[in-house]
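The exercises below are meant to be worked through with the sequence and the structure side by side. Each task is followed by a solution that goes step by step.

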Amino acid sequence: MIKNTLESFSKLNVTKDTLDSDKLKQMDELGYLLLEPQKKIFDFIGQDLDYLRDKTENLLEKEGDKAGYEGREEHYRKGKRFEKIASRLGNLPNKDKAFFNWILLPELLCAAHHVIKKDIMFSSSNFRDPLKDKGRQPMHLDWLPRTNENQNFDCIIAMMYLDDSNKMNGAIQVVPGTHKKLGYIEQYNVNPYEDHPDAITIEAKAGSITILNCNIWHRGGANVSGERRR
């Protein structure tokens, strides 16, 4: 656990300038943020994109149909993918130092410090690659919804793209501002399997990072081109 104090965060290279005020305001108002590729991020992680791509490919081959089941082994059945529409890996920080370094990236800690406003704890670090012509996720939240406006937000999720992400290979869709809504999506007479009129697609270059408030409505898109979107 990391204590939510300026002293503890400064020891992890987080300063008031790690994310500028405009980016933090966007997290507050829209519930998401896109960071462009930066050399300093890969310097911090200690490896480049090619290394991360090769490492995840090796892990997928090594783990086979058990990939993604760490912590949920009771659900494993031979030949059954963890997720029908995507390749998955779990428990990445215990599989390579680069993945461990990733979860300590100052930009991620800064966003967590700003959004959660209390002590933070790391939950999980996973890999996802949507499969061609297998459809898209339903619109969802990644955590329990708030029940009143005085509740703090509990978590963020951050994703680094190992490939270019676009509308044709399964880019993520978000509905800006919905992190402020209380309750579940279905309570708003919204069908999570259908298109949402206010949804936007976040297209990003390889090496970019998307940070989401876990309460924002979002989904992984459908991969219709077959290009990788790791």
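Please keep in mind throughout that this is a predicted model.

**Exercise 1. The surroundings of H218**

Task: Decide whether H218 is buried or exposed, and find which side chain its own side chain meets in a polar contact.

Solution. Begin by locating the residue, which lies in strand 8, a strand that covers residues 218-220. Next, consider its accessibility: the relative accessible area of H218 is 4%, and because buried means under 20%, H218 is buried. Then list the neighbours, leaving aside residues up to four places away in sequence: H218 touches P138, M139, H140, L141, D142, I172, Q173, V174 and L212. Finally, pick out the polar partner from these neighbours, which is D142, whose side chain makes a polar contact of 3.3 Å with the side chain of H218.

**Exercise 2. A nonpolar patch**

Task: Find which residues make the nonpolar surface patch of about 340 Å², and place W143 in the chain.

Solution. The patch is made by W143, L144 and Y184. To place W143, look between strand 3 (127-130) and strand 4 (156-160), since W143 is found in the loop that joins them. As for its accessibility, W143 has a value of 43% and therefore counts as partly exposed.

**Exercise 3. Salt bridges across the sequence**

Task: State how many salt bridges the structure holds, and then work out which parts of the chain are linked by the bridges of E29, E107 and E57.

Solution. The structure holds 20 salt bridges, and three of them are followed here one at a time.

1. E29 pairs with K180, and the closest N and O atoms of this salt bridge are 3.1 Å apart. The two residues are 151 residues apart, with E29 in helix 2 (residues 21-29) and K180 in the loop between strand 5 (172-174) and strand 6 (200-201), and in this way distant parts of the chain are linked. E29 is partly exposed at 43% relative accessible area, and K180 is also partly exposed, at 37%.

2. E107 forms a salt bridge with K40, where the closest N and O atoms are 3.5 Å apart. Here helix 6 (residues 106-116), which holds E107, is linked to helix 3 (residues 39-45), which holds K40, over a separation of 67 residues. With a relative accessible area of 6%, E107 is buried.

3. E57 and R228 meet through their side chains in a salt bridge of 2.7 Å, taken from N to O. E57 lies in helix 4 (residues 49-63) and R228 in the segment after strand 8, so this pair ties together parts that are 171 residues apart in sequence. E57 is partly exposed at 27%, and R228 is partly exposed at 32%. The pair also belongs to a network, in which salt bridges that share partners join D50, R53, E57, D129, D163, R228 and R230.

**Exercise 4. Cysteines and disulfides**

Task: Find how many disulfides are counted, and explain why C110 does not bond to C214.

Solution. First, the count comes to zero disulfides. Second, look at C110: the closest cysteine sulfur to its own is that of C214, 16 Å away, and because a disulfide needs the sulfur atoms within 2.5 Å, this separation is too far for a bond. Last, compare the accessibility of the two residues: C110 is buried, with a relative accessible area of 6%, and C214 is buried as well, with 4%.

Definitions and conventions: Residues are numbered from 1 along each chain as its sequence is written. This is a predicted model: local features need pLDDT of at least 70, side-chain atom pairs count only at pLDDT 80 or more; totals for chains, interfaces and linings use all residues. Side-chain values use heavy atoms; hydrogens and water are left out. Helices (H or I, at least four residues) and strands (E, at least two) are DSSP runs, numbered from the N terminus. Buried means under 20% relative accessible area, exposed over 50%, partly exposed in between (1.4 Å probe, protein chains only). A polar contact is a pair of N or O atoms within 3.5 Å; within protein, one must be able to donate a hydrogen and the other to accept it, and residues adjacent in sequence count only if both atoms are side-chain atoms. Contact means heavy atoms within 4.5 Å. Patches are made of residues with over 30% relative accessible area and no salt bridge: like charges are joined within 9 Å, nonpolar side chains (Val, Leu, Ile, Met, Phe, Trp, Tyr) within 5 Å. Accessible areas come from the Shrake-Rupley method with a 1.4 Å probe; for residues, only the protein chains shown count as cover. A salt bridge is a side-chain nitrogen of Lys or Arg within 4 Å of a carboxyl oxygen of Asp or Glu.
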